[in-house]
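This report describes selected features of one protein structure. Please keep the sequence and the model at hand while reading.

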Amino acid sequence: MRFRLSTDSLTTSDANGAASDGEVEDHAILLGGGDFGDLPDTTASTTTGDYQTNYLNNGPYHNVEALPSLYLGSKAPDADITDLASFDGTGDDTNVTDDEDGLLTDILPVISNVAGYQADISVTNNSGLNAYLYAWIDWDRDGSFESDELIQQAVTQPFGVQLIPAGSGTQTYTLSWINDVATSNNIAYGMRLRLTTEILSDDSGTVNSDERSLGLAVNGEVEDYYLVASNTIDLGDAPDTYKTTIASDGPAHDYVSLLYLGSNNIDSEYNVTPSSDALTDDNTGTDDETGIVQPLPFYSSTTDSYSVDIAAYNGTGATATLAAWLDINGDGQFSANEIVDELHVAANGTPFSNAVFSADNYPTGSNNLSNKITLTWNNITALNSGPVALRVRIANTALTADDWVAMLAGEKLKTTWCKFMVPIMVMHLRALVLFRI
């Protein structure tokens, strides 16, 4: 849109050309559906916890209808019709469709300066155009994204940002920050991702703001995140066919001290290294893989069920979910139909008495460190080779049968390998189980 003001006798055909006095202003108008950020924005200025997000404050916005085959993550964005700024950076997540899936995990560890940080970002480009991924983290927490907070390492030219090639489909890109990177426990840091075919421009004269993080982009998507640094992260260590690494959206827990499996000696992890025997976490730092006693019991092919006992505790004051998956068909991955079939406590039936799995199934005050919980899988018909994996999760989250991956609140993640003696060897993710056929 163009506005012109002059004492000259301008006509409808005088959009261009010289005028003897006055002023001209051009403004971009978003036509079609837009995508907006959702970091907190309470004033026209910036400070800790107060970003430029809203439309009137020149927050970022993208025309999502101009090139619908280009977006962050694997979900195309819905059209936003109003500002979505929120105190925790989830305003767009809860608006219509949750399309905020570009950042594969919101793990942000407590890190010292110059230690560096990496994040895995999922991007979809099914268009015929090259695109560019811009990513900032507000390390100094001043409410603005500066040029030195843009990704700084492992980036692809041109223009110092991540190139997303035309027609590359859905891919994961590892982005790195190395300058002035430091975090403190339980402190929130804003993150902004922008994807567009545009080459965005920064005004080198404004050191306190990177203009590429603001304003209109003609296509693509923007996603904001509010990451809380934590020194209580628990990760898995099974082979990555079971979705273990952060890049695969593997399981991660921000654990709490009164919700755990086995001993309450959880160590914190930032990087995950899958291993063929699922023992990386056992052998790194403190061995906190104590929920299941090894070796695990034999499995016989003359039966169609398998059971294992696990120690658990919930003293958080809130209901938790205990869930477990066993790769009962030996295909090297988990599925919803491999969730545990029955949970039972033989000593007193508390809190499980031959119960089928359900969300929010483990009440606060439950102590099954001695009176252990028996997990049972029935109708095992296709398991004749291995190794295979077992994954156990306990969390203050309403887990479903589909939640063998992704970030959760509350300890604990356990992965164990099961072995079959056939002489074929099959392993159980994290504890050693022998199966005899």
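The text below covers salt bridges, an internal cavity, two sheets and some backbone details.

The structure is a predicted model.

## Salt bridges

Side chains of opposite charge can pair when their charged atoms come close. In this model the count of salt bridges comes to three. They are listed here with the N to O distance of each pair.

| Acidic residue | Basic residue | N to O distance |
|---|---|---|
| D26 | R2 | 2.6 Å |
| D224 | R192 | 2.8 Å |
| D210 | R212 | 2.9 Å |

The pair of R2 and D26 links distant parts of the chain, 24 residues apart. R2 belongs to strand 1 (residues 2–5), and D26 belongs to strand 2 (residues 23–26). How accessible are the two partners? R2 has a relative accessibility of 41% and counts as partly exposed. D26 has a relative accessible area of 48% and is partly exposed.

The second pair in the table joins D224 and R192, with the closest N and O atoms 2.8 Å apart. D224 lies in strand 12 (residues 221–228) and R192 in strand 10 (residues 188–196), so this salt bridge ties together parts of the chain that are 32 residues apart in sequence. Is D224 buried or exposed? The relative accessible area of D224 is 0%, and because buried means under 20%, D224 is buried. R192 is buried with a relative accessible area of 1%.

In the third pair, the side chains of D210 and R212 meet. D210 counts as buried at 0% relative accessibility. R212 counts as buried at 12% relative accessibility.

## The cavity

Rolling a probe the size of a water molecule over the atoms shows where empty space is left. How many cavities of 30 Å³ or more does a search of the whole structure find? The search finds one. The largest cavity holds about 50 Å³ of space.

Which residues line the largest cavity? The lining consists of T46, Y51, Q52, G143, S144, F145, R192, S209, S213 and L214. Sorted by class, the lining has three nonpolar, six polar and one charged residues. R192 is thus named twice in this report: as a lining residue of the largest cavity, and as the salt-bridge partner of D224.

## The three-stranded sheet

One open sheet is built from three strands in the order 5-6-9, and the pairing is antiparallel. Why does one side of strand 5 and of strand 9 have no neighbour in the sheet? Strand 5 (70–72) and strand 9 (169–177) stand at the edges and each has a single partner strand, so one side of each is left without a neighbour. From one strand to the next, the twist averages 25°.

Strand 6 (residues 117–125) and strand 9 run antiparallel and are joined by nine bridges. Among the residues involved, S122 has T172 in strand 9 as its bridge partner.

## The five-stranded sheet

Another open sheet has five strands in the order 15-17-21-19-20, with antiparallel pairing. The edges are taken by strand 15 (259–261) and strand 20 (355–356), each with a single partner strand, so one side of each is left without a neighbour in the sheet.

Within this order, strand 19 (residues 342–344) pairs with strand 21 (residues 366–377) in the antiparallel sense over three bridges. E342 has its bridge partner, T376, in strand 21.

## Backbone details in loops

The peptide bond from T350 to P351 is cis, with omega near 0°. P351 sits in the loop between strand 19 and strand 20.

R141 is not a glycine, yet its phi is positive, at about 55°. Where is R141 placed? R141 lies in the loop between strand 7 (131–137) and strand 8 (162–164). At 25% relative accessibility, R141 counts as partly exposed.

N186 is not a glycine either, and has a positive phi of about 65°. The loop that holds N186 runs between strand 9 and strand 10. Is N186 buried or exposed? With a relative accessibility of 57%, N186 counts as exposed.

Terms used. Residues are numbered from 1 along each chain as its sequence is written. This is a predicted model: local features need pLDDT of at least 70, side-chain atom pairs count only at pLDDT 80 or more; totals for chains, interfaces and linings use all residues. Side-chain values use heavy atoms; hydrogens and water are left out. On a 1 Å grid over the protein atoms alone, a cavity is a set of points where a 1.4 Å probe fits but cannot get out, and a pocket is an open set with protein on both sides within 12 Å along at least five of seven lines; lining residues have an atom within 4 Å of a point. Grid points are joined across faces, edges and corners, and a volume is the space filled by probe spheres set on the points. Ala, Val, Leu, Ile, Met, Phe, Trp, Tyr, Cys and Pro count as nonpolar, Asp, Glu, Lys and Arg as charged, and the others, Gly among them, as polar. Two strands pair if DSSP finds at least two bridges between them. Helices (H or I, at least four residues) and strands (E, at least two) are DSSP runs, numbered from the N terminus. Axes are lines fitted to C-alpha atoms, for helices over the stretch in contact, and angles run from 0 to 180 degrees between N-to-C directions. A salt bridge is a side-chain nitrogen of Lys or Arg within 4 Å of a carboxyl oxygen of Asp or Glu. Buried means under 20% relative accessible area, exposed over 50%, partly exposed in between (1.4 Å probe, protein chains only).
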